[in-house]
Amino acid sequence: MCGIVGYIGERDIKNRLIEGLRELEYRGYDSAGIAVMQDGRIESFKAVGKLLNLEEKTKNFSTDGHGVGIGHTRWATHGKPTELNAHPHMGEYSYVVHNGIIENYREIKGMLEKEGITFLSQTDTEVIVHLFEKEAEREDDLFSAFKATIELLDGAYAVLLVTKKAPDTIFFARKGSPMIIGRNSRGEIFFASSDAPLIGEAEEVSYMKDGTVGFVTSETIHTEGDELQFVPLAGDKMTAQKGGYRFFMEKEIYEQYDVMSDTMIGRVLDRDIHFEEIDEEFLKGISRIKLCACGTSYHAALTSSYLFERLSKIPVNVEIASEFRYKEPLLTDDTLFIVISQSGETADTLEALKMAKEAGLKTLAICNVDNSSIVRLADASILTRAGIEKGVASTKAFATQVMVLWMLSLYFAKKRGSLSEERIQEEIKYMNYVPKVLQKSLEVHEKCKRLSKRYLHGHGFFFIGRDIFFPLALEGALKLKEISYLHAEGYPAGEMKHGPIALADAELFTIALMPKTLLYDKTKSNVEELSARDSTILSISPEMFDLADDFILTHPHNHPMLEFFEMMIVEQLLAMEIAIRLGNDVDMPRNLAKSVTVE
Ligand code: AGP
């Protein structure tokens, strides 16, 4: 995903920008560029490929004394990874870098072209700089022109813009794509897409809110609307990377809002689903899907099996990779073999992928790490774009895997004509709502914290749910096991009476996932059966349930997947708070490794 940096200060600007971009390399990119402004002159450099190429191009360039700069790593969405499409994009006298997608760029471009403006690139970003210069002709001052420009943009963006007409200024705006501003006592100002480039440079940072628009000079930071709230940034990398959170897991739970927008950008379009990684040709001859993964990724696979069958009307089966390898599976070449892995290095999943390839199956990887072994081996791969996940207990990687799989099931539905256009549009409408569902809920977090002290003993936990809430129950139980070391199981709610109900008593904790949009009454009956046998019930639901001992009230939604994502966060926070109360190392639980490269 694209990365943005910006700098105002006295040190060599090129070095600051390139160092910053290096820290953002993990986001993935295919070209990079910078623009440096000093004494009213702007120099810009761009290169395709790795940062080394940009360094090579700029090796004879340096600055001395005060100046301003912006930089960008581009991950192509609109237009190929070429130098012309790389950022910064220029107008007559201004340069812009942008992360996100301008959804109405075609209309703006058409309008500007009619006014005689020539575009050099195929990107959506270039409209911003031309629009700004157009507005600058009309408006009294440059900030008004910048604000007017931003108001005309639909979509997601983090934008930095510099112009010869305001030599010491960076204009900035953020909506839907992350951006942080940092400063230090040397009077330097920094911008970045994540805190990694700011560590050791900025002393305090502000995590900009959506809708922030402003400008900064060496003298002043000005924003419209909410004031920027600055918080200290720790100097040591480890503490700083946690961004004020107690654990990486906590930070990663809260990051889900931002990363989900990244996952969706360029894929969930206004009225369509698009994957540049695959096309109709790739799906030719496919009449079934086999999904294969381990652990949390397996739970994402299981969730999607309901979605693929329901939306795409394609038969699906799901395999645990370590089982699949030794069962002498019957593989037919009309099967698309999809592997799911956060790390892309899980030995069992990798070996399963090799088997599928040897059997001549088409293979697709859904993975968070570009260039990992699984990505390199699969015929095609779709990156989940969750950013580095440090907590051993997977959170944001799971959320983004599920999202990609939901999008993929809709993509299949469209290509196979298995859903009406109206239904497809409805699904897209709800997909676009997911980031909002993942927004911080301090109230829910507080409730999980309070409840955690009641759920520390007992002889075990049952997470129960039906349909897609069954894999979510499995995931809730896995999260709790991994970091609290308490025994927990995930179970289909309707299956409890076939055996596990024998365990029910007051010391058995049942965490009941009770969505209103899917099989509510059925699940309720199952929970009633457990309550009648004195099990302690914690219900997670938008509706109060009088037989529950405790509730966590979720918001009412109109789509099961929205309820799914909200309940997922509740499970993650609850597991984490229980583990913290038990004094466990949440990020590095005993006996576990982030990447399981042994079978
Ligand atoms: C998740 O919380 C676990 N740490 C674990 O189950 C993990 O999902 C599993 O090892 C698979 O890893 P992968 O997604 O990197 O392949």
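These legends accompany a set of close-up views of a predicted model.

**View 1. Cysteines without a partner.** Let us start with the sulfur atoms. How many disulfides does a search of the whole structure find? The search finds zero. Cysteine 2 shows why: its sulfur is 19 Å from the closest cysteine sulfur, which belongs to cysteine 367, and that is too far for a bond. With 8% relative accessibility, cysteine 2 counts as buried. Cysteine 294 is in no disulfide either, as the nearest cysteine sulfur, in cysteine 292, is 7.0 Å away; a disulfide would need the two sulfur atoms within 2.5 Å. Cysteine 294 counts as partly exposed, at 22% relative accessibility.

**View 2. Lysine 479, a buried lysine in helix α18.** This close-up is centred on lysine 479, which belongs to helix α18 (residues 469-484). Is lysine 479 buried or exposed? At 1% relative accessibility, lysine 479 counts as buried. Its side chain reaches the backbone oxygen of serine 394 at 2.9 Å. When neighbours within four places in sequence are set aside, the contacts of lysine 479 are Met249, Thr296, Ala393, Ser394 and Ala575. Ser394 therefore appears both in that list of contacts and as the owner of the backbone oxygen that the lysine side chain reaches.

**View 3. Serine 484, also in helix α18.** Serine 484 has its place in α18 and counts as buried, with 4% relative accessibility. Which backbone atoms does the serine side chain meet? A polar atom of that side chain lies 2.5 Å from the backbone oxygen of leucine 480, and the side chain also reaches the backbone nitrogen of leucine 486 at 3.1 Å. Beyond its neighbours within four places in sequence, serine 484 is in contact with Ile578, Ala579, Leu582 and Asn584.

**View 4. Helices α18 and α20 side by side.** Two packed helices are described by the angle between their axes and the distance between the axes. For α18 and α20 the angle is about 15° and the axes are 9 Å apart. That makes α18 roughly parallel to α20. Their crossing is right-handed. From α18, the contact is made by Phe469, Leu472, Ala473, Glu475, Gly476, Lys479, Leu480, Ile483 and Ser484, so look here for the residues of the two preceding views. On the α20 side, the residues include Pro560, Phe564, Met568, Ala575 and Ala579.

**View 5. Helices α17 and α20 at an oblique angle.** Here α20 (residues 560-581) appears with α17 (residues 442-452). The two pack at an angle of about 40°, with axes 8 Å apart, and are therefore oblique to each other. The crossing is right-handed. Val444, His445, Cys448, Lys449, Leu451 and Ser452 make the contact from α17; among the residues that meet them from α20 are Val570, Leu573, Leu574, Glu577 and Arg581.

**View 6. Helices α4 and α5.** This view shows α4 (residues 126-138) packed with α5 (residues 142-151) at an angle of about 130°, the axes being 8 Å apart. That makes α4 oblique to α5. Their crossing is right-handed. Ile128, Leu131, Phe132, Glu135 and Ala136 of α4 meet Leu142, Ala145, Phe146, Ala148 and Thr149 of α5.

**View 7. Helix α8, a mostly covered helix.** How many of the residues of α8 (residues 256-264) are buried? The count is nine of nine. Polar names such as Gln256, Asp258, Ser261, Asp262 and Thr263 are among the buried residues, as are Tyr257, Val259 and Met260. What do the buried residues pack against? Their partners are β8 (170-175), α7 (248-254), α14 (396-416), α15 (421-431), α16 (434-437) and α20. After α8 comes glycine 266, whose phi is positive, near 80°.

**View 8. Valine 527 in helix α19.** Valine 527 lies in α19 (residues 520-532) and counts as buried, at 0% relative accessibility. Its C-alpha atom is separated by 8.7 Å from that of isoleucine 464, although the two residues are 63 residues apart along the chain. Not counting residues up to four places away in sequence, valine 527 touches Ile464, Ala512, Met514, Ile537 and Phe545.

Methods
Residues are numbered from 1 along each chain as its sequence is written. This is a predicted model: local features need pLDDT of at least 70, side-chain atom pairs count only at pLDDT 80 or more; totals for chains, interfaces and linings use all residues. Side-chain values use heavy atoms; hydrogens and water are left out. Buried means under 20% relative accessible area, exposed over 50%, partly exposed in between (1.4 Å probe, protein chains only). Helices (H or I, at least four residues) and strands (E, at least two) are DSSP runs, numbered from the N terminus. A polar contact is a pair of N or O atoms within 3.5 Å; within protein, one must be able to donate a hydrogen and the other to accept it, and residues adjacent in sequence count only if both atoms are side-chain atoms. Contact means heavy atoms within 4.5 Å. Axes are lines fitted to C-alpha atoms, for helices over the stretch in contact, and angles run from 0 to 180 degrees between N-to-C directions. Angles under 35 degrees count as roughly parallel, over 145 as roughly antiparallel, 65 to 115 as roughly perpendicular and the rest as oblique. A crossing is left-handed if the near helix is turned anticlockwise from the far one by less than a right angle, and right-handed if clockwise.
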